[in-house]
Amino acid sequence: MTATIECHELVRIFSSTGVEVQALQGLDLLVEKGELTAVVGASGSGKSTLLTILSGLDIPSAGRARVAGHDLLAMGHRERIEYRRRTVGFIWQQTVRNLLPYLTAAENISLALVVANWPRRERDARISELLALLGVSELRDRLPGQLSGGQQQRVAIAVALANRPDVLLADEPTGELDEANSEMVLEAFRAINEGLGTTVLIVTHDAGVSEHVRRTVQIRDGRTSTEVLRSTRTDSAGLEHEVAEEFAVLDRVGRLQLPLDYIAKLDMRDRVRLGLTEEHVTVSPVRTEKDDE
Amino acid sequence: MTAGGNRWTAGRLLRRRFGTRPAASILVAVIATATVLGAAIIPRLIEQQATAELTFQLQSIGVIGRSLQGASSLPEDWAAAPSPNADQLFNDLQSSFDDGRSAMPQPLRRAVGAPSWILQTPAVPSDQVGGAARTVGLRLTADRSYLKRIRIVQGTAPAVWSQSESTQSEQSATTPVDVILSVQAATRLKITSGEVIGTDEEGGVPQRLYRVTGLFEPRDPGDDYWTENPSLLPTTTMVPEHGATYLTAAAYVDPQTVGRIAYTFADARISMYYPVSATGLDGADAGRLQSELSAVKTTGIPLSDSRFSMSIVTRSDQAAQTAVDRDALLAGLLALLAAAPLGVVLAVLVLGVQVVVRSRRTDLLLASARGGSELQLRGAMAIEGALLSVPAAIVVMVIATLAIHVRPEPIGVILPALVALAPPALFAALAVTRERPGVIGRTLGALRPVAEMAVVLLAALSLFLLVRRGLAQATIAVGVDPLLSVAPLLLAVSAGIIVVRGFPLLMRTARGAAARSRGLPAFIGSIQLSRAPTIGLAGVLALVVGVSVSLFSTVLLTTFDAGIQSAASESVGADARIDAAAITPSQESAVGHLGGVRDAAGLDYLSSLAVEQASIADPVTLILAETRPLSTIRALPSGLTTEVGGRVPVVVSSDLLRALGARRTLTLGGVKLRVTGSLPAESGLGPTVDWVIADSSFAKRFSTAFTPETLLIRADPERLPLLQAPLEHAMGADKPNSGTTVLTVPTATAERHDEPAVRGVVTGLILGAALSVLLCATALVLSTVAAGAARGRTSGILRTLGMPRRRLRTLIAWELVPVAVVTLVAGTVLGIALPFVVASAVDLRVFTGSLARAVPVIDPVLLLAVLAGFAVVVAASGLVALLVSGRANPSSTLKMGAS
C-alpha cells in the first residue's frame, strides 16, 4: 500500500524583518490511502502550517512532501493549480473563508466547478449529488448567512469535495461549533471517508475529535511526537472493545520525543544515559555528584 | 428551479458578485465615465477651438485682407492685334483664373472661392461735361458679369460702341462711347443720365466722347465685390502734378466695347481676386493652409496663360499663422493644465479600484486556493473592470461624436479608449490572488524608492527644460511636448513624495509630545499617522496636485486677466479713445460735456516730417496735442504751451531722444524745437516710434490747422463701463459707415475676452481649478472610506476599553487634519510657485496681446477663498468618515477583525 500523504523531514521557516520562526522542524508523517487521520497539537505546534503546505498554498523550506504523487516542493505553477483543483479539497475553521457570503450553497459549489472547468452540462447534477451526499439538499438556495454553523460546514465539505479530490484536508472544522453540530460534521467526514474512500486529514486542537478517527497524530514543536491508534477488538466473550494505543514516533534517524511528564518525573535534563537490553532501550537520568550527596 | 438557474457559469457568479457591495464599483464607474468624457470631449473641444480661432483670425482681417488679390496689365500686343477680340481675351482670363483655382492644393482650394475680375483703365480726364467746361475723370471699367451686380435705376445699360479705335475715322471721334455711372458718383460729379462728357476735338486732335446712358446702384450693397473693388461706387479726388484737382469715378462700358477701344484699354489693369472664406474651415488645417497661402504669396498662382501671371497679395497667411501659433500655445497650455488633474484622476481611479479590489480579496484568495489560475482570477477582475468602464465609454464616445462636430482625428478615439481600458487593466493588475505578495509585488515594493527618485529627477529635468526652452518654442517645434506638459504633475508628485516620506518623521516628533500631554486619541492618532496613514501616497498626491493646480489656475487666471486688461488699456491708450478722419470742435465739446468724461485731449498727426539732422534719417511723426488735458492722461512736463527763445517746446519719444544723443534741440519741417521731456516710444499715443508732441496752439508754426483725428479720454472709473454708448452717440459713430470708432477700455477688454483663444484659456483654467477640487474631494472620501475597516477595528478595541464615542471623532480628526494641513501647505507653495515657472516659460502675450511680459498676479482674497474651499472639502470628507464609522458596530468590526 502506498502512502497518499508522505512527509519527510519537513521544515518550514518563516522569516520576517530578520526574525526567523521555525514552524516545522523536520516533521515526518505518512498517511495511507483511504485513511482518516487527525493531527492534534497545541496552538503554535505547526499543525496549520502543515495543512497549508499540504493544500498547496505554501511551499516548505526543506524536506520532502508528496501528496497523491505530487511533489509539493518541485511542483510547477500549472501543476500546482491542477493540484488545488483536483487533488485536494479543504475546509477551514472559519466559515467565511470557506463560502462566499453572497453566493447560495449551490452557487458556492458551482464556483469550485467553474474554477476547475467542470463540464457545464454536468454541473447541475454534480451540485445536486454533493448536496444530497452531505444531507443539505433543502438548503441549496440559501445564502451562508441563512445557515447554522454546522450546515455551513457541511456545505463547505460539499464544496471541498466538488472536484472529487483524492485528499480532503480540514483545519479545525469543528472549532466554531457546539457539540451536537461537531458530532454531525465529524460523522460526515467519516461517512465520506468510508463511502468514497477519500483520504481525510483533520487538523484540530480538540482532543475529542480523535475519538472519531482511527489514527491520531500528535504534533509538538513542529514534529510528530506520538500517535494513537484506535481499533475495535472482540474479546473472548464476544464483546467489542474500543482499544486506543498510544505510541511514540521514532523518525528515520532514530529521534523520538519523550513525554514531558516522564521527563519531569525523573528530572531529566540536558543529558541522559541510554541503555540497550535485548528487548528494549532504556533512558535513564544522569546522576551528578551533587545529586549523589 | 428555472432553466436559467441551471446554468452554472462563471458569468452567473460574476453577476452575483457584481451586485454585492456595489458602492465602490459605482464610484469607479462614475470616475471612469467622467474621465472618458473628458478624454473624448477635450481633444474635440481643442479641435473646435482651433477652428473657431482660425475663423476668428480670418474674419478679423476683413474681406479684403482675406482675399487673394492680384493685378496685372493686359498683354502688350493686345491692342496691336489685327482685330482685338474682347471675347477671346475674357475667355482666356476666365479660364486661366479658373484653372489657377483648380490647381490649388487642398485645403486652400476649399477656402478659396470663384475668381472675380475687372478691367479698369487709369482715369481719363475730360474737360467738358454737358457742354460746360469742367474736368472730370472716368475710369473705364469692364466686367463681363457687371449686369448681375448692378441695378440700373435710371436710363439704360451702355451699348457696344459701334466704332473702332483701330480704324481712326471722323465718325469714331464724334460717336460717344456709352458708359454708366453709379448714382453716388453721378451725384458727386453732378452728372445726369444722358449727358455727354468730353469734347470731340481739342486743338485739332480728335478726342473721345462719352455718353452717360444710365445710372446704377449695387444690386446687393453687401456684396464683397464692392469691397474688393472699392473704386467702383464712389468718386476719388485726383491731385495732378500740375493743375487743379478733379474728381474721378468708375464708368462701366459694355464688355464688348473693350475690343473697340483697344488702345484706351491697353493701359487697363486686370484686378482679380479670389474670395477666401473665413468659415467652413477646419482648425486642424490651419498649418497647411498657412503654408499653402504663403507659397501662393511668394510664388504666385500658376496660371495656364502665363501672359496674365500676377503676384498675389493677401493677409490670410498671417492670420492663419497667428491661429497656428495660438493653437499650439493653447494646446500646450491646456496640456500643461490637464496633465496634473489627469494624474490625479489616475490616482483617484487607482484608489477606487483598490477599494473594490480589497473587498474582493477574500473571494479571490478562496478561488485561488480552490485552484483558480491567475488568468481566471485576473481575467474575472478585468471583466468586472471592463463592465464598469467600457459600455459607458462607448456611449460617451458616441454622444461626443454626435454632439461635437469635428473631423475625426485618431487622438479623439485613442485617448478615450486608453482611459476606458484603464479600469480593467487596474482591476487585473491590483487584484490580490495570494496571501503574501509574489515576486512581482516584492520587486515593485523594492523598486518604489527608485521610482520615487526617478520621478523627482524627471521633475527637475522637465522644470529645467521648461524654463530653458519655453513652452512656445517647444510646441511649435514638436506639437505638445509631453515632458514639458507633465512638469506641474511631476512637481506635484515630487511634493507628494516628500510629504509622504517626510511626514512620518514629523509625526514621530509630534508623538512624543502627544504621548505626554493630549491623551489617548492623540497618542494613537499620531502613531497611526506615522505607521499606517489613512491617506496614502495616492491621497496625498491627489491633495497636493488638487491644491496646487487650483491655486495655479487661479493665479494664472488673475494674471491672464491683468494681461488682457493692460493690453486693452495699451490698445486704447487712455480710458477711452475716439478715432475719426476729423473731429469737429462741436463734437469734441459734446464729448467733453458727457457725464463721466473728466478730460478729453485731441491729437492731430502730421506724418513724415524730415528732421534736419544727419543722425536722424527716418521721418518722424509730429503729434499736435491739447497738452493741458493730455497731461492728466500722460505724464507731461509743464511749460509746453510757452515758446522760449523762438523754440517750440516738445516732448519726444524715448527712441528719438536716444537718437538725439546729448542734444536737446532739433529742427522739424523748418520749425525749431526744444526737447523738454520724453515718454516711452510705445505710449499708446499713435505711432510706436519716432514721434514728437507739440501743443496744438503751435499748429500755425507748422503751417497747418489743428484738426484732431483722435480724442483720448480720461473718465470717471465708475462711469467708464457705461461710457461706450454715450460716446458713440456724441460722435455719431452709432450711424452706419460713420468712419468713426469709439473704444473704451471695458469694451476693448470685453472684445479680447471674446476671442476664441482667450475664451479657451479662461475656460481651461476655470475647469482645471474646479476639476481639481472635485477630484480632491473624491480622493479624500475614498481614502477615508477605504480606511474604514481598519478604523472600525481600532475604534472597536478602544470602545471595548471604555473610550466614549465622541472621543473617536478626535481620532478621525487626527487621521485627516495633520496630513491635510501639511499637504495644503505643500500644495499652496507649489501652486503659487508654478505660475512663476509657467509665466517664464509660456509667453502669455500671444493670447493677451499686451506689450509687457506677464508677471503672475496674486489675488490674496481669491487664493484664500480657494484654500477655504479645500478646508471645507477636508471637513466634509471627515464628516463622511464619521458617518461611516458611526454606523460600525464594535462587536461586528471586532469579529470581522478576527477573521
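**Exercise 1. Contacts and burial in chain B**

Find what share of the contacts in chain B between residues at least 6 apart in sequence join residues at least 24 apart.

*Solution.* Keep in mind throughout that this is a predicted model.
- Step 1: take the contacts in chain B between residues at least 6 apart in sequence; of these, 80% join residues at least 24 apart.
- Step 2: add the secondary structure, which in chain B amounts to 33 helices and 23 strands.
- Step 3: add burial. Chain B has 899 residues, and buried residues make up 50% of them.

**Exercise 2. One residue in detail**

Decide whether L660(B) is buried or exposed.

*Solution.*
- Step 1: locate the residue. L660(B) belongs to helix α25 of chain B, which covers residues 654-660.
- Step 2: apply the cut-off, under 20% relative accessible area for buried. The relative accessibility of L660(B) is 4%, so this leucine counts as buried.
- Step 3: look along the chain to V675(B), 15 residues apart from L660(B); the two C-alpha atoms are separated by 9.8 Å.

**Exercise 3. A helix pair in chain B**

Work out how helices α2(B) and α16(B) are oriented to each other, and which residues make their contact.

*Solution.*
- Step 1: read off the geometry. Helix α2 (residues 22-60) and helix α16 (residues 411-430) of chain B pack at an angle of about 165°, and their axes are 7 Å apart.
- Step 2: compare with the cut-off, since angles over 145 degrees count as roughly antiparallel. The two helices, α2(B) and α16(B), are therefore roughly antiparallel to each other.
- Step 3: add the handedness: the crossing of α2(B) past α16(B) is right-handed.
- Step 4: list the contact. From α2(B) come V28(B), A32(B), T35(B), V36(B), A39(B), A40(B), P43(B) and R44(B). From α16(B) come I411(B), G412(B), L415(B), P416(B), V419(B), A420(B), P423(B) and F427(B).
- Step 5: sort the residues of this contact by type, which gives 13 nonpolar, two polar and one charged.

**Exercise 4. A strand with two partners**

Determine which residues of β1(B) form the covered face and which the uncovered one, then find the partners of this strand.

*Solution.*
- Step 1: recall the general pattern: side chains in a regular strand alternate between the two faces of the sheet.
- Step 2: assign the faces of strand β1 (residues 68-73) of chain B. L68(B), G70(B) and S72(B) form the covered face, while Q69(B), A71(B) and S73(B) form the uncovered one.
- Step 3: pair β1(B) with strand β13 (residues 269-274) of chain B; they run antiparallel and are joined by six bridges. Here S73(B) stands opposite R269(B).
- Step 4: pair β1(B) with strand β14 (residues 312-313) of chain B, again in the antiparallel sense, over two bridges. In β14(B), I312(B) is opposite G70(B).

**Exercise 5. The seven-stranded sheet of chain A**

Establish the strand order of the open sheet in chain A and name its edge strands.

*Solution.*
- Step 1: write the order of the seven strands, β6-β7-β8-β3-β9-β10-β11, with mixed pairing.
- Step 2: pick out the edges, β6 and β11 (240-248) of chain A, each pairing on one side only.
- Step 3: note the twist: neighbouring strands of this sheet are turned by 20° against each other on average, direction ignored.
- Step 4: examine the β6 edge. Four bridges link β6(A) to strand β7 (residues 167-171) of chain A in a parallel arrangement, with F90(A) opposite L169(A). In β6(A), V88(A) and F90(A) point one way and G89(A) and I91(A) the other, and all are buried.
- Step 5: examine the β11 edge. Strand β10 (residues 223-234) of chain A runs antiparallel to β11(A), with nine bridges between them; T234(A) has E240(A) as its bridge partner.
- Step 6: place the helices. Helix α1 (residues 47-54) of chain A lies across β3, β6, β7, β8 and β9, running at about 150° to β8(A). Helix α7 (residues 179-196) of chain A lies across β3, β6, β7 and β8, at about 155° to β8(A).

**Exercise 6. Backbone exceptions**

Locate the cis peptide bond between Q106(B) and P107(B), and the positive phi values of N117(A) and R164(A).

*Solution.*
- Step 1: start from the rule that most residues other than glycine have a negative phi, and most peptide bonds are trans.
- Step 2: the cis bond joining Q106(B) and P107(B) has an omega of about 5°, and P107(B) sits in the loop between α4 and α5 of chain B.
- Step 3: N117(A) has a phi near 55° and lies in the loop between α4 and α5 of chain A.
- Step 4: R164(A) has a phi of about 50° and lies in the loop between α6 and β7 of chain A.

Technical notes:
Residues numbered from 1 in each chain as written. Chains lettered and ligands numbered in written order. Predicted model: local features only at pLDDT ≥ 70, side-chain atom pairs only at ≥ 80, totals over all residues. Heavy atoms only, no water. Axes fitted to C-alpha atoms, helices over the stretch in contact; angles between N-to-C directions. Parallel < 35°, antiparallel > 145°, perpendicular 65-115°, else oblique. Left-handed = near helix turned anticlockwise from the far one by under 90°. Contact = heavy atoms within 4.5 Å. Nonpolar A, V, L, I, M, F, W, Y, C, P; charged D, E, K, R; others polar. Buried < 20%, exposed > 50% of the residue type's maximum accessible area, 1.4 Å probe, protein only. Pairing = 2+ DSSP bridges.
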